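Trainee: I am new to this structure and would like to learn how to read it. Could you show it to me and take me through some of its features?

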Amino acid sequence: MSDKSDNQRSWGRRKVVRALGALPLGIILASQLSWAAPATTTGQAVTEDTVTVGILHSLTGTMAISETGAQEAEKLAIKQINESGGILGRQIKIIQEDGASDWPTFAEKSRKLLVNDKVAAVFGCWTSASRKAALPVFEKENGLLYYPTFYEGLEQSKNVIYTGQEATQQILDGLNWVAKEKGAKTFYLIGSDYIWPRTSMKIARKHIENVLGGKVVGEEYKPLGDTQFGSVINKIRLKKPDVIYAAVVGGSNVAWFKQLKAAGINSKKQTLLTISVTEDEVLGIGGENLEGFYSIMKYFQSQDNANNVAFVKAFKEMWGDDSVIGDVTQAAYLGPWLWKAAVEKAGTFDVDAVVKASEEGDIELTTAPEGYVKLHPNHHLWSKARVGMWKKDGQAEVVYTSELLEPDPFPEGYQ
């Protein structure tokens, strides 16, 4: 091939990368991708016409209430990518597996997707326990996981792209907000009993005591899926904290908030800030049961911007008018688009090349529903933190928005 042809191909590739910020979520027509014919050198499920990916979430069990929206968003993104011409001229095929709210099952299904099905990427997991169970499989098999959930940080793997927020973008920023806006000095910490809530509360306690000069007056954990909160609520009523700081996860939230209300603990009497309730959980909890309480996330369905209006419209058209969109759902939607951008930049589906392209610091989505995100070389996203106050209709009024926050998965003093 001539030097002129090589130069033209290089120029065309740069043109495509630049186009990502100009078109809706990086939509690129197939005609623009005719240069990108390489399939894979690592035996992935790629043909001349298709590329196969995996979706791995809990469709059953206590976590289904939280994870259903994530897999719906991933399917919407993939549908839109296919309709816009696919990726490297190929249509995306999906193999879906159910993690069943069971961490060993996530590891087993990850192995199936990578070893048997040879998928080019996996979009999935929700809890940190499921991610930690699957991580050794992805690292051993050199697979690529796009993980959408806000989490405790303290992790960075070559084989994972983290599209949710880490601790500095959620836990620390939220505590700073509630201390400033509510004058909070005393905190009662309550969470589900597994790695994410425990590590998150460890980080929160350090920040409350060492930075904010506050006091933790109680700390309690309940088994995942537990529905009995009477004893905890009695302790909270006795301690009278300025803030209940909650990381109760999944279906347990329904019982937790209903029992709080039944005990007379509501937003008129008590400030509650949760790091684990999105619109997905509120659908089961009922807006009337947490009206006036707060969540800190990076996204709420009620955000009023053109990107989000288009996203909400497309999501409801695909999944029904009664469907709702939470923080993790939106972060899950970003995964296929970020993968598409990195694959097209690399010119191949090979994981090592896609990771290298992802680490160069220039992959961004200017039309993300949350507004703007950029992939950091540490595999996390630059994004903003937002506090939402829940309303009776199950939507949140955004009462605080941070500046764009650089991800720092290993914050000094919190490890």
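Mentor: Gladly! Let us begin with aromatic rings: rings of Phe, Tyr and Trp (its six-membered ring) count as a pair if their centres lie within 6.5 Å. Keep in mind that this is a predicted model. By that rule, the structure holds 19 aromatic pairs.

Trainee: How do I read a single pair, say Tyr151 and Tyr162: what are the centre distance and the angle between the planes?

Mentor: Planes under 30 degrees apart count as stacked. Tyr151 and Tyr162 are stacked, with 5.2 Å centre to centre and 10 degrees between the planes. Next, ask where each partner sits: Tyr151 is in the loop between strand E4 (145–147) and strand E5 (160–162), while Tyr162 belongs to strand E5, so the pair ties together parts that are 11 residues apart in sequence.

Trainee: Are Tyr151 and Tyr162 buried or exposed?

Mentor: Buried means under 20% relative accessible area. Tyr151 has 0% relative accessibility, so Tyr151 counts as buried. Tyr162 is buried too, with a relative accessible area of 0%.

Trainee: What kind of pair do the rings of Phe300 and Trp390 make?

Mentor: For edge-to-face, the planes must be over 60 degrees apart. The ring centres of Phe300 and Trp390 are 5.8 Å apart and the planes stand at 75 degrees, so this pair is edge-to-face. Phe300 lies in the loop between strand E10 (294–297) and helix H10 (306–319), and Trp390 in strand E14 (residues 386–390), so the pair ties together parts that are 90 residues apart in sequence. Both Phe300 and Trp390 are buried.

Trainee: Which residues do ring pairs link into a cluster?

Mentor: The cluster contains Tyr299, Phe311, Phe315, Tyr333 and Trp337. One of these, Phe315, leads us to another residue: Ser323 touches Phe315 and Lys316, leaving aside residues up to four places away in sequence. You will find Ser323 in the loop between H10 and helix H11 (327–346). With a relative accessible area of 11%, Ser323 is buried.

Trainee: Rings can also meet charges, I believe. Where does the charged end of Arg131 sit?

Mentor: The charged end of Arg131 is over the ring of Tyr147, 4.8 Å from the ring centre. For Lys222, the charged end sits over the ring of Phe229, 6.0 Å from its centre.

Trainee: Now for strands. How should I read strand E6?

Mentor: Look at burial, then at neighbours. Six of the seven residues of E6 (residues 186–192) are buried, so this strand is largely enclosed by the rest of the structure. E6 and strand E7 (residues 215–222) run parallel and are joined by seven bridges; Tyr188 has Gly218 in E7 as its bridge partner. E6 also pairs in the parallel sense with strand E8 (residues 243–247), over five bridges. There, Phe187 has Val243 in E8 as its bridge partner.

Trainee: Which helix joins E6 and E7 in a β-α-β unit?

Mentor: Helix H6 (residues 195–211) does, and the unit of E6, H6 and E7 is right-handed. You can practise on another example: strand E1 (residues 50–57) and strand E2 (residues 91–98) are parallel, with eight bridges. The bridge partner of Gly54 is Ile95 in E2. From E1 the chain crosses through helix H2 (residues 64–83) to E2, again as a right-handed β-α-β crossover.

Trainee: In what order do strands E11, E12 and E13 lie?

Mentor: The three strands form an open sheet in the order E11-E12-E13, with antiparallel pairing. Strand E11 (364–365) and strand E13 (381–382) are the edges, each pairing on one side only. Strand E12 (residues 373–375) shares two bridges with E13, and Lys374 stands opposite Trp382 in E13.

Trainee: Last, a helix. Which residues of helix H7 are buried?

Mentor: In H7 (residues 230–239) the buried residues are Val232, Ile233 and Ile236. They cover an arc of only 100 degrees around the axis, which puts them on the same side of H7. The face turned away from this buried side carries the exposed residues Asn234 and Leu238.

Trainee: What covers the buried residues of H7?

Mentor: The cover includes E6, E7, E8 and helix H8 (252–262). After H7 comes Lys240, which has a positive phi, near 50 degrees.

Terms used: Residues numbered from 1 in each chain as written. Predicted model: local features only at pLDDT ≥ 70, side-chain atom pairs only at ≥ 80, totals over all residues. Heavy atoms only, no water. Buried < 20%, exposed > 50% of the residue type's maximum accessible area, 1.4 Å probe, protein only. Helix = DSSP H or I, 4+ residues; strand = E, 2+ residues; numbered from the N terminus. Pairing = 2+ DSSP bridges. Right-handed = clockwise from strand over helix to strand, strands pointing away. Lys NZ or Arg CZ within 6 Å of the ring centre and 35° of its normal. Arc of directions from axis to C-beta. Contact = heavy atoms within 4.5 Å.
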